[in-house]
Amino acid sequence: METAKAEQQVQKVNTSIRMSGAEAIIHCLLQEGVDLIYGYPGGAIMPVYDELYKFQDKLTHVLTRHEQGATHAAQGYARVSGKVGVAMATSGPGATNLVTGLADAQIDSTPIVCITGQVPRHLLGSDAFQETDIVGISTPVTKWNYQITKAAEIPEIFARAFYIAKSGRPGPVLIDITKNAQFDELDFTYQKCVGVRSYKPVPKPDKGALQEAAVLINQAKRPYIVFGQGVILGEAEEELKALVEKTGIPAAWTIMGLSAMDTDHPLNVGMVGMHGNYGPNVLTNECDVLLAIGMRFDDRVTGKLDTYAKQAKVIHFEIDPAEVGKNIKPDVAVMGDCKETLSLLLPLVKSNSHEQWRAEFDKKYEEEFTTVIQQDLHPEKPGLTMGEVIEEINLASGHKAVIVTDVGQHQMIACRYAKFKQSKSNITSGGLGTMGFALPAAIGAKMGAPEREVVAVIGDGGYQMTIQELGVIFQHQLAVKIVVLNNDHLGMVRQWQELFFESRYASTVMTNPDFVKIAEGYHIKANRVNERTDLKTAVQEMMAFKGPYFLEVVVEKEDNVFPMIPSGASVSDIRLK
């Protein structure tokens, strides 16, 4: 009876229906097309969970084992599906446990809506049990937040939240709802938000700026493109490819832009940044025109700002006015959604090949291949390297897997060597660098794209920060492949200690548990590889297995990731060893 009543009410939202605030929240989510929520119940959000129970046929709730896991799962879901991810938690510690995920989503422009319960309105400010000012706490790490204290506010605030989270440059939104607002009744109607006064999410392209950009591109002898996640968020992959192929301009990616362009495309020259490829970094300071498309000139990309691309005319394609001139002042700023601006630019630019300039990238690649890549992928050492593990995953997946990485050496190696043919395939924590991100994010990625193979590549340190989310994989039988690259260290910190702190390994050596037994304790099939001769077979077995699978690969303890731009150095100072 309850399900039939719920069905009837969902169909009648355009007319006023009397219901509780908690029930209204469920109807708001349904009207926004939400069918999946990650969360953890508690006292202050219990009325919503009670209503959620009645709508189980329409809304799947995934009980994560920690609230942080809920936010990262929502991020993984959003990044792969292109939809808004949703996470829910109670007040106090439940709410504060969301903050890391909110901060991660904010800096990486991921659209999620987080819902938190709160103590009743009359207790606000009284230090009641599990009361925390989550609106105040989360203000710096959300695109928008709001505290609902009256049931009547619910429809408008939810509609606005989903609009703000997804529009323009996406980001996280938090809605805090007092318990009285969940119990009180309202006359419910719902109207989706299509605009907010004073909020202009997409700037209108300036035709004059596009003409200026085209003149610079057409006159350039050594033009260069660096593209970021804005291409993926704007669904401008085809427009980028068309521009690159018409103009012959070599293009490199930031780690957040990885997979926007086929990694084997002849004009895709590799990764920029601290552990990026040699040529794309060095030649940044030798190009004459730099096109920055959907990227924000992060410090890990630019290195020392006052030496970055000083010789070049910079054209910045950007949707967020706050990013223009924040780090690098462009000569031309092309504002707007890059799908639209690149489409407008394409007929204005001339066909070219820039063969001599492209040959410079090939030459630098040969240097890097001899010194670094060959040793990473075909090592002359007894111990396994992280690079050869990624290479085996590439081969076994046919370059079609979604690869979700945590943070550290394995992340940089995976971003350097993973091969992709499809966009939205690289899911990682870029701006915040959140250890513990990968396992819950892989859960969200698999549920957001169940038809795709999802491989989580994680270091032994980050894995143990959210290892409890194995419970979700077991409970829902999610066919996530988990690869832990175990070097018994916090590898990236250890590398810095070796190179810059005279090998004083302060608190970076780890004594690890038996990861295989832990996975088996969650009834997940598991295996461990110590020898190179066993690696290919083990990876193939993992990829062929129909359910969840855990593979631990014991790798060299003191391998370093190169190339590397030392902190505070110029991109020209990148080290090959």
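**Reading features in a predicted model**

Tutor: Let us begin with one residue, Phe297, which is buried, with a relative accessible area of 2%, and let us keep in mind throughout that the model is predicted.

Student: What is the phi of Phe297, and in which loop does Phe297 lie?

Tutor: The phi of Phe297 is near 55 degrees, a positive value in a residue other than glycine. Phe297 lies in the loop between strand 12 (289–293) and helix 14 (299–302).

Student: Ser198 also has a positive phi although it is not a glycine; is Ser198 buried or exposed?

Tutor: Ser198 counts as exposed, because its relative accessibility is 72% and the cut-off for exposed is over 50%. Its phi is about 75 degrees, and Ser198 lies in the loop between strand 8 (185–188) and helix 10. A further backbone feature to look up is the cis peptide bond that joins Phe562 and Pro563, with omega about 0 degrees; Pro563 is found in the segment after strand 20 (549–554).

Student: How should I read a nonpolar core, and which residues have the most contacts inside the largest one?

Tutor: In soluble globular proteins, nonpolar side chains tend to be buried together. Here the largest nonpolar core has 98 residues, and those with the most contacts inside it are Tyr224, Ile225, Phe227, Leu290, Leu291, Ile293 and Ile315. Helix 10 (residues 207–219) gives the largest share of this core, six residues. Apart from it lies another core, of 49 residues, among them Ala70, Ala103, Ile443 and Ile482.

Student: With which residues is Phe227 in contact, leaving aside its neighbours within four places in sequence?

Tutor: With those neighbours left aside, Phe227 is in contact with Leu240, Ala251, Ala252, Trp253, Thr254, Gly257, Ala260, Met261 and Ile293. One of these, Ile293, is itself among the residues with the most contacts inside the largest core.

Student: Where is Ala22 found, and is Ala22 buried or exposed?

Tutor: Ala22 is found in helix 2 (residues 21–31), and at 2% relative accessibility it counts as buried. Leaving aside its neighbours within four places in sequence, Ala22 is in contact with Pro47, Val48, Glu51, Ala181 and Gln182. To relate Ala22 to another part of the chain, one can take Ala445, which is 423 residues apart from Ala22 along the chain, with 28 Å separating the two C-alpha atoms.

Student: Turning to charged side chains, how many salt bridges does the structure hold?

Tutor: There are 22 salt bridges in the structure, and it helps to ask of each pair where its two residues lie. Glu156 forms a salt bridge with Arg160, the closest N and O atoms being 3.5 Å apart. Both residues lie in helix 8 (residues 154–166), four residues apart, which is about one turn of the helix. Glu156 counts as exposed at 51% relative accessibility, whereas Arg160, at 26%, counts as partly exposed.

Student: Which parts does the pair of Arg169 and Asp320 tie together?

Tutor: Their side chains meet in a salt bridge of 2.9 Å, N to O. Arg169 lies in the loop between helix 8 and strand 7 (172–178) and Asp320 in the loop between strand 13 (313–318) and strand 14 (332–335), so the pair ties together parts that are 151 residues apart in sequence. Arg169 counts as partly exposed, at 22% relative accessibility, and a network of salt bridges links Arg169, Asp320, Glu323 and Lys326.

Student: Which residue meets Asp488 in a salt bridge?

Tutor: The side chain of Asp488 meets that of Lys557, at 2.6 Å from N to O. This pair links distant parts of the chain, 69 residues apart, with Asp488 in the loop between strand 18 (480–486) and helix 22 (491–500) and Lys557 in the segment after strand 20. Lys557 counts as partly exposed, with 42% relative accessibility.

Student: Finally, how much space lies in the second largest pocket?

Tutor: Rolling a probe the size of a water molecule over the atoms shows where empty space is left. In the second largest pocket that space is about 520 Å³. Of the 27 residues that line this pocket, the closest to its centre are Asn268, Val269, Gly270, Tyr365 and Lys419.

Student: Which elements give two or more residues to the lining?

Tutor: They are strand 11 (268–271), helix 13 (278–282), helix 16 (355–377) and helix 18 (409–417). Helix 16 gives the largest share of the lining, nine residues. By residue type, the lining divides into 12 nonpolar, six polar and nine charged residues.

Terms used:
Residues are numbered from 1 along each chain as its sequence is written. This is a predicted model: local features need pLDDT of at least 70, side-chain atom pairs count only at pLDDT 80 or more; totals for chains, interfaces and linings use all residues. Side-chain values use heavy atoms; hydrogens and water are left out. A nonpolar core is a set of buried Ala, Val, Leu, Ile, Met, Phe, Trp, Tyr and Cys residues joined through side-chain atoms within 4.5 Å. Buried means under 20% relative accessible area, exposed over 50%, partly exposed in between (1.4 Å probe, protein chains only). Contact means heavy atoms within 4.5 Å. A salt bridge is a side-chain nitrogen of Lys or Arg within 4 Å of a carboxyl oxygen of Asp or Glu. On a 1 Å grid over the protein atoms alone, a cavity is a set of points where a 1.4 Å probe fits but cannot get out, and a pocket is an open set with protein on both sides within 12 Å along at least five of seven lines; lining residues have an atom within 4 Å of a point. Grid points are joined across faces, edges and corners, and a volume is the space filled by probe spheres set on the points. Ala, Val, Leu, Ile, Met, Phe, Trp, Tyr, Cys and Pro count as nonpolar, Asp, Glu, Lys and Arg as charged, and the others, Gly among them, as polar.
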